[in-house]
Amino acid sequence: MSEAIKAATLEYTTRLGDDSVVLGHRISEWISYGPFLEEDIAYGNVSLDYIGRARMFYTYAAELANDGRDEDDFAYMRNDREYRNLLLMEMPKGDFAYSQVRQLFADVYYTYLLPELLKSKDETLSAIAAKAIKETKYHLRRSRDWVLRLGDGTEESHKRTQKAVDALWGYTHELFDMDETEQLLADAGIGVDVSRLRDAWLAKVTEILTEATLTLPTEEWAVRGGRIGYHTENLGHMLTEMQIVHRSFPGCKW
């Protein structure tokens with residue numbers, strides 16, 4: 001592996017870990033606040049899936065960096081400007097409809113991303129994708145069912161779900177942006193060319209939203225910046241909460 005490819009792979013792996021840990025933490029914020037017990041348990045399970053995924057990406061990133069850092073350093077010892085997650089993942093918890101719509105957008109994205117990552121020439125990335133694919137099938141079934149129930153439910157649930165779709169739509173464009181790092185790895189057969197996933201993602205999301213009697217937004221506003229460390233204020237607040245124990249007691253083991 002050349003130094004350029006190794007550096008790009010480190011950056012790419014860290015990005016994937018950041019996406020997973022941030023979304024995993026957001027999902028965990030619903031634990032004990034779900035509409036009923038079974039859903040509370042489901043939130044815990046889905047959150048753990050993403051946190052487990054983040055651990056695998058961060059462990060590999062630490063191996064590539066080979067500078068003494070471990071998975072905890074990647075998760076807890078970087079500030080918001082050093083995080084490289086997609087903005088969609090850091091959006092606040094919001095109400096139940098908001099979280100389910102965000103989850104649907106993410107689940108459909110991973111439904112198409114992970115099978116492509118499975119083809120990676122990087123055996124570690126391919127192995128992580130193989131495990132995550134199984135989880136994503138369950139995640140999508142759950143988020144799809146909830147969006148259908150909420151969108152085609154009561155007048156109030158429909159209104160809230162449509163509001164969530166409209167509020168989150170502008171953050172979905174970033175999912176399919178390619179920069180030099182990702183293009184280098186895609187050309188090398190290591191990363192995924194996410195720009196090629198947009199049509200399939202849009203078709204699937206449109207199908208689900210239509211079935212849920214929801215309207216696809218027509219406004220083309222878009223917010224970007226997560227991949228280069230430009231984030232909303234939401235991430236800083238979230239990281240403060242997520243990192244407080246580790247930063248307060250550095251090196252503590254229990």
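Let's start with D18, and ask how covered up this residue is: buried or exposed? D18 counts as buried, because its relative accessibility is 0%. Keep in mind that we are looking at a predicted model. You can find D18 in helix α1, which covers residues 3-28. And who surrounds D18? If we leave out neighbours within four places in sequence, D18 is in contact with Y58, R78, E82, Y83, R84 and N85.

Right beside D18 in the numbering we have D19, so let me move on to salt bridges. Which residue does D19 pair with through its side chain? The partner is R227, and the two side chains form a salt bridge with an N to O distance of 2.9 Å. This pair ties together distant parts of the chain, since D19 belongs to helix α1 while R227 sits in the loop between α9 (198-211) and α10, 208 residues apart. D19 has a relative accessible area of 1%, so we call D19 buried. R227 is at 13%, and because buried means under 20%, R227 counts as buried too.

How many salt bridges are there in the whole structure? The search finds 22. Let me show you two more of them.

The next one joins E135 and R53, whose side chains meet at 3.3 Å, N to O. Here again distant parts of the chain are linked: E135 is in helix α6, residues 123-151, and R53 is in helix α2, residues 37-65, with their positions 82 residues apart. R53 is buried, at a relative accessible area of 2%, and E135 is buried as well, at 12%.

Now for a pair with more open surroundings to look at: K119 and E116 form a salt bridge of 3.2 Å, N to O. K119 is exposed, with a relative accessible area of 60%, whereas E116 is partly exposed, at 32%. Elsewhere, salt bridges with shared partners connect E11, R15, D19, R84, D179, E182 and R227 into one network. You have already met D19 and R227 as a pair.

Let's turn to how helices meet. Two packed helices are described by the angle between their axes and the distance between the axes. For α1 and α10, the axes come within 11 Å and cross at roughly 75°. Angles from 65 to 115 degrees count as roughly perpendicular, and α1 and α10 are therefore roughly perpendicular to each other. On the α1 side, the contact is made by V21, V22, H25 and R26. On the α10 side, N234, L235, M238, E241 and M242 take part.

Staying with α10, look at V245, which lies in that helix, residues 233-248. V245 is partly exposed, because its relative accessibility is 42%. Together with I244 and F249, V245 makes a nonpolar surface patch of about 290 Å².

One last stop: A222, in the loop between α9 and α10. How far apart in space are A222 and A212? They are ten residues apart in sequence, and their C-alpha atoms are 24 Å apart. A222 is partly exposed, with a relative accessible area of 36%. Setting aside neighbours within four places in sequence, A222 is in contact with G170 and H173.

Notes: Residues are numbered from 1 along each chain as its sequence is written. This is a predicted model: local features need pLDDT of at least 70, side-chain atom pairs count only at pLDDT 80 or more; totals for chains, interfaces and linings use all residues. Side-chain values use heavy atoms; hydrogens and water are left out. Patches are made of residues with over 30% relative accessible area and no salt bridge: like charges are joined within 9 Å, nonpolar side chains (Val, Leu, Ile, Met, Phe, Trp, Tyr) within 5 Å. Accessible areas come from the Shrake-Rupley method with a 1.4 Å probe; for residues, only the protein chains shown count as cover. A salt bridge is a side-chain nitrogen of Lys or Arg within 4 Å of a carboxyl oxygen of Asp or Glu. Helices (H or I, at least four residues) and strands (E, at least two) are DSSP runs, numbered from the N terminus. Buried means under 20% relative accessible area, exposed over 50%, partly exposed in between (1.4 Å probe, protein chains only). Contact means heavy atoms within 4.5 Å. Axes are lines fitted to C-alpha atoms, for helices over the stretch in contact, and angles run from 0 to 180 degrees between N-to-C directions. Angles under 35 degrees count as roughly parallel, over 145 as roughly antiparallel, 65 to 115 as roughly perpendicular and the rest as oblique.
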